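Me: I would like to go through the buried and exposed parts of this model with you, one question at a time.

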Amino acid sequence: MSGAPGGMPVIAPMPAARPTRIPNQREGADETAAGTTVDHLTETYRAHYRSLLGLAALLLDDTASCEDVVQEAFIRVHSARKRVRDPEKTLAYLRQTVVNLSRSALRRRILGLKLLSKPMPDMASAEEGAYDQLERDSLIKAMKGLQRRQREVLVLRYFADMTEAQVAQTLGISLGSVKAYGSRGIAALRTAMGAPA
């Protein structure tokens, strides 16, 4: 591929898919390429716009969606007009495209409603969040006021979810000491946080 000045590649235009036949004077000038013409499609669209809109309105519930569907149908049939071999069937193609696009719009809406209908997870209110934060802050402050061993036993036992035996092994103390430090630490926390014994 050769490049043009400025480093951009030169791309050759695509050849026409099928050359249209140019009528000669002997055959008559009314022969056209296969498919409906743009003028015929446009005239059919203009003449039947209201009925196409009414068809969409029977399937959809809001005017804006109906107008969008009818306009999209025109665009799709326009881009595929070569497939409409019989110009008399242009309206039928438009109607069928309106129905298909309306169905698609309804499917998207139903899917959207299904996704929206899932309940939101329960979330704490702002007040509950503030109370939780205050409790955490006061717990951390009370934990800092405990003796080192009491704090270690409570953290390993209740925050790390270790058994008393695992705490004893981790700290290198006896099982009885873990129980004693744990019960004294909890009593000290209740006193510090003002909870009843």
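Me: Is Phe159 buried or exposed?
Reply: This is a predicted model, in which local features need pLDDT of at least 70, side-chain atom pairs count only at pLDDT 80 or more, and totals for chains, interfaces and linings use all residues. Residues are numbered from 1 along each chain as its sequence is written, and side-chain values use heavy atoms, with hydrogens and water left out. Buried means under 20% relative accessible area, exposed over 50% and partly exposed in between (1.4 Å probe, protein chains only). Phe159, found in helix α5 (residues 148-159; helices are DSSP runs of H or I, at least four residues, numbered from the N terminus), has a relative accessible area of 54%, and therefore it counts as exposed.

Me: Is Ala105 buried or exposed?
Reply: Ala105 is found in helix α3, and its C-alpha lies 9.6 Å from that of Leu59, 46 residues away in sequence. Because its relative accessibility is 11%, Ala105 counts as buried.

Me: Which element gives the most to the largest nonpolar core?
Reply: A nonpolar core is a set of buried Ala, Val, Leu, Ile, Met, Phe, Trp, Tyr and Cys residues joined through side-chain atoms within 4.5 Å, and the largest one has 18 residues. Two or more residues come from each of α1 (38-59), α2 (63-79) and α3 (90-116). The element that gives the most, with 6 residues, is α2.

Me: How many residues does the other core have?
Reply: This core lies apart from the largest one, and its members include Leu156, Val167, Leu171 and Val178. Its number of residues is 7.
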